[in-house]
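Colleague: Could you take me through the contact between the two chains, along with the empty space in and around it? I would like a close look, and a word on how confident the predictor is.

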Amino acid sequence: MTYFVIFLGVCFMLGTLAVASNPSPYYGVVGLVLASVVGCGWLVNLGVSFISLVLFMIYLGGMLVVFVYSVSLAADPYPEAWGSWRVVVYGLGFVLVVCVGVVLGGFVDFWKVGVVTVDSGGVSFVRFDFSGVAVFYSCGVGLFLVAGWGLLLVLFVVLELVRGLSRGAIRAV
Amino acid sequence: MSPLHFSFYSAFTFSSLGLAFHRTHLISALLCLESMMLSMFIPLSMWPVQNQTPSFTITPILMLAFSACEAGTGLAMLVASTRTHGSDHLHNLNLLQC
């Protein structure tokens with residue numbers, strides 16, 4: 001089970017490496033989907049399955065879908081694929097930077113993997129992550145209102161950004 | 001450094017390097033920003049688990065909300081750039097002339 005979690009961690013790194021060294025945004029989105037699916041699996045292995053499902057729905061099902069539509073708007077009709085030299089050079093360069101950082105930062109106690117069980121919090125035995133997010137609605141209600149207000153404002157920001165100045169709101173791209 | 005900490009440290013580093021070395025498309029830079037956000041979400045949800053403090057589980061949810069705002073704004077700028085210049089290529093953003 002430990003090795004499975006470490007394998008998920010390695011896949012997470014590979015997914016973000018794919019995003020960073022992408023030959024074309026189509027393949028970058030594939031890497032991002034891989035990284036988020038593996039990240040959800042990692043969180044389930046830690047026990048916080050509610051946070052994992054929130055990530056799945058909001059990130060994969062909301063934000064990445066919008067990204068995929070935008071990639072179809074904005075990317076090349078004839079994309080470059082994985083097998084070009086440029087991609088390999090970028091990928092190796094990024095891996096080299098990370099390795100240099102790890103060597104300089106010290107590589108102590110690599111094999112300690114410590115996670116704790118999460119299934120009870122206090123005398124009322126609610127799930128750890130449910131009870132934490134529920135605080136968002138009770139004690140943290142100010143933060144909740146600020147976040148909701150920010151999301152509403154962003155709708156108007158996006159509307160103003162794509163308005164097209166004096167040429168009308170809807171325009172064929 | 002434990003292997004899990006190393007995973008999201010290096011994932012964040014890869015994403016920020018991908019953002020720094022942008023190439024052709026603006027949307028590649030936006031995808032790297034999204035993967036930076038993802039690689040911060042995972043440790044933010046791991047941290048209350050390891051410290052056994054359930055209240056800090058709000059932090060990843062809040063971060064997801066604000067990152068959705070940021071992604072929406074970035075995509076709106078992408079659409080604005082495509083409408084003005086015809087594509088989202090970064091060499092179109094050349095007002096600075098240097």
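Modeller: Happy to; here is the contact, then the pocket and the cavity, then the confidence values.

This is a predicted model, and the predictor gives the complex an ipTM of 0.89 and a pTM of 0.84. Let's begin with the contact itself. Chain A puts 76 residues into the contact and chain B puts in 64. Together the two chains bury about 6,100 Å², and 80% of that area comes from carbon and sulfur atoms. On the chain B side, the residues that lose the most area to chain A are B:F14, B:R23 and B:R83; together these three make up 13% of what that side buries. As for salt bridges between chain B and chain A, the count is zero.

Now to the open space. The largest pocket has a volume of about 310 Å³. Its lining consists of 15 residues, and those nearest the centre are A:I58, A:F136, A:L151, B:I61 and B:A65. Both chains supply helices here: α3 (49-74), α5 and α6 of chain A, together with α3 (58-85) of chain B, each give two or more residues to the lining. By class, 14 of the lining residues are nonpolar and one is polar, with no charged residues.

The enclosed space is another matter. Searching the whole structure turns up one cavity of 30 Å³ or more, and the volume of this largest cavity is about 30 Å³. A:N22 lines it from chain A, while chain B provides B:G18, B:F21, B:H22, B:R23, B:S28, B:A29 and B:C32. Helix α2 (residues 26-51) of chain B gives the largest share of that lining, three residues. In class terms, the cavity lining has three nonpolar, four polar and one charged residues. You will recognise B:R23 from the contact, where it is among the chain B residues that lose the most area to chain A.

Finally, the confidence. Chain B averages a pLDDT of 87, with 98% of its residues scoring at least 70. Among the elements of chain B, α2(B) has the highest mean, 91, and α3(B), which also helps line the pocket, has the lowest, 89. For chain A the mean is 80, and 82% of the residues reach 70 or more. Two of the pocket helices mark the ends of the range among the elements of chain A: α5 (residues 128-138) has the lowest mean pLDDT, 81, and α6 (residues 141-161) the highest, 92. One stretch of chain A, residues 111-121, has pLDDT below 50, yet in the model it has 25 contacts beyond near neighbours in sequence. Where pLDDT is low, predicted coordinates should not be read in detail.

Note on methods
Residues numbered from 1 in each chain as written. Chains lettered and ligands numbered in written order. Predicted model: local features only at pLDDT ≥ 70, side-chain atom pairs only at ≥ 80, totals over all residues. Heavy atoms only, no water. pLDDT = per-residue confidence, 0-100. Helix = DSSP H or I, 4+ residues; strand = E, 2+ residues; numbered from the N terminus. Contact = heavy atoms within 4.5 Å. 1 Å grid on protein atoms, 1.4 Å probe; cavity = no way out; pocket = protein on both sides within 12 Å on 5 of 7 lines; lining within 4 Å. Points joined across faces, edges and corners; volume = space filled by probe spheres on them. Nonpolar A, V, L, I, M, F, W, Y, C, P; charged D, E, K, R; others polar. Buried area = accessible area lost by both parts, 1.4 Å probe. Salt bridge = Lys/Arg side-chain N within 4 Å of Asp/Glu carboxyl O.
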